Amino acid sequence: MARILTIDDSPLARSVVRIVLERDGHTLIEARDGIEGLDIAISSRPDVILCGVSLPGMGAHDVARCLRGAGISAPMIALGHDTEQGSCIVSGDLGIIGMVGRPLCADALRSGVDAAIHAGSRFAA
């Protein structure tokens with residue numbers, strides 16, 4: 001199964017992701033913000049990254065740019081509210097391959113993670 005890093009400032013969102021994806025056999029790593037997420041991603045090299053669109057200081061696009069610059073090529077799924085979808089354009093260049101809306105739904109999380117796992121590391125920096 002995959003090592004998945006969740007970067008989100010919402011304890012509830014991190015908890016939902018952890019409960020759903022650990023039941024599926026994945027290993028979860030968590031970060032509360034983009035800076036912590038970057039540090040953890042560099043040290044743990046996750047297979048998939050789930051990242052909030054609008055995090056304080058550094059949202060999904062900023063995190064993705066920094067990750068690619070650091071040589072982290074794990075595919076990313078953005079997590080955001082329907083109203084944020086316009087602000088988070090899926091970007092293959094940055095490795096953001098999809099978005100899961102909030103409130104988070106188990107089926108949507110699983111589908112997004114499955115797509116990211118199949119995408120693999122083809123988004124090399």
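# Exercises on a sheet and its helices

Arginine 45 has 41% relative accessibility, so it counts as partly exposed (buried is under 20% relative accessible area, exposed over 50%, partly exposed in between, with a 1.4 Å probe and protein chains only). The model is predicted: local features need pLDDT of at least 70, side-chain atom pairs count only at pLDDT 80 or more, and totals for chains, interfaces and linings use all residues. Residues are numbered from 1 along each chain as its sequence is written, and side-chain values use heavy atoms, with hydrogens and water left out.

**Exercise 1. Find what is unusual about the phi of arginine 45.**

Step 1. Locate the residue: arginine 45 sits in the loop between H2 and S3. Helices (H or I, at least four residues) and strands (E, at least two) are DSSP runs, numbered from the N terminus.
Step 2. Read the angle: phi is positive, about 45°, although arginine 45 is not a glycine.
Step 3. Compare with the usual case: most residues other than glycine have a negative phi.

**Exercise 2. Outline the fold of the chain.**

Step 1. Count the elements: there are 4 helices and 5 strands.
Step 2. Follow the sequence: the pattern reads β-α-β-α-β-α-β-β-α.
Step 3. Check burial: 48% of the 125 residues count as buried.

**Exercise 3. Work out the strand order and name the edges of the sheet.**

Step 1. Trace the order: the 5 strands run S2-S1-S3-S4-S5 in an open sheet with parallel pairing (two strands pair if DSSP finds at least two bridges between them).
Step 2. Find the edges: S2 and S5 (96-102) each have a single partner strand, so one side of each has no neighbour in the sheet.
Step 3. Add the twist: it averages 20° from one strand to the next.
Step 4. Look at one pair: S1 and S2 are joined in the parallel sense over 5 bridges. Arginine 3 has threonine 27 of S2 as its bridge partner.

**Exercise 4. Describe how H2 is packed and capped.**

Step 1. List the buried residues of H2 (34-44): Gly34, Gly37, Leu38, Ile40 and Ala41.
Step 2. Find what they pack against: S1 (3-7), S2 (27-31), S3 (48-52) and H3 (60-69).
Step 3. Inspect the N-terminal end: aspartate 33 caps H2, with a side-chain oxygen 3.2 Å from the backbone nitrogen of isoleucine 35.

**Exercise 5. Classify the packing of H1 and H4.**

Step 1. Take the geometry: H1 and H4 (106-119) pack at about 70°, with axes 10 Å apart. Axes are lines fitted to C-alpha atoms, for helices over the stretch in contact, and angles run from 0 to 180 degrees between N-to-C directions.
Step 2. Classify: H1 and H4 are therefore roughly perpendicular (under 35 degrees is roughly parallel, over 145 roughly antiparallel, 65 to 115 roughly perpendicular, the rest oblique).
Step 3. Name the residues in contact (heavy atoms within 4.5 Å): Val16, Val17, Val20 and Leu21 of H1 meet Ala106, Leu109, Arg110 and Val113 of H4.

**Exercise 6. Locate the cis peptide bond and describe glycine 101.**

Step 1. Find the bond: arginine 102 to proline 103 is cis, with omega near 0°. Most peptide bonds are trans.
Step 2. Place the proline: proline 103 lies in the loop between S5 and H4.
Step 3. Turn to glycine 101, which belongs to S5. Its relative accessible area is 23%, so glycine 101 is partly exposed.
Step 4. Check the spacing: the C-alpha atoms of glycine 101 and glycine 80 are 5.0 Å apart, though 21 residues separate the two along the chain.

Key
Polar contact = N/O pair within 3.5 Å; in protein donor to acceptor, adjacent residues only side chain to side chain.
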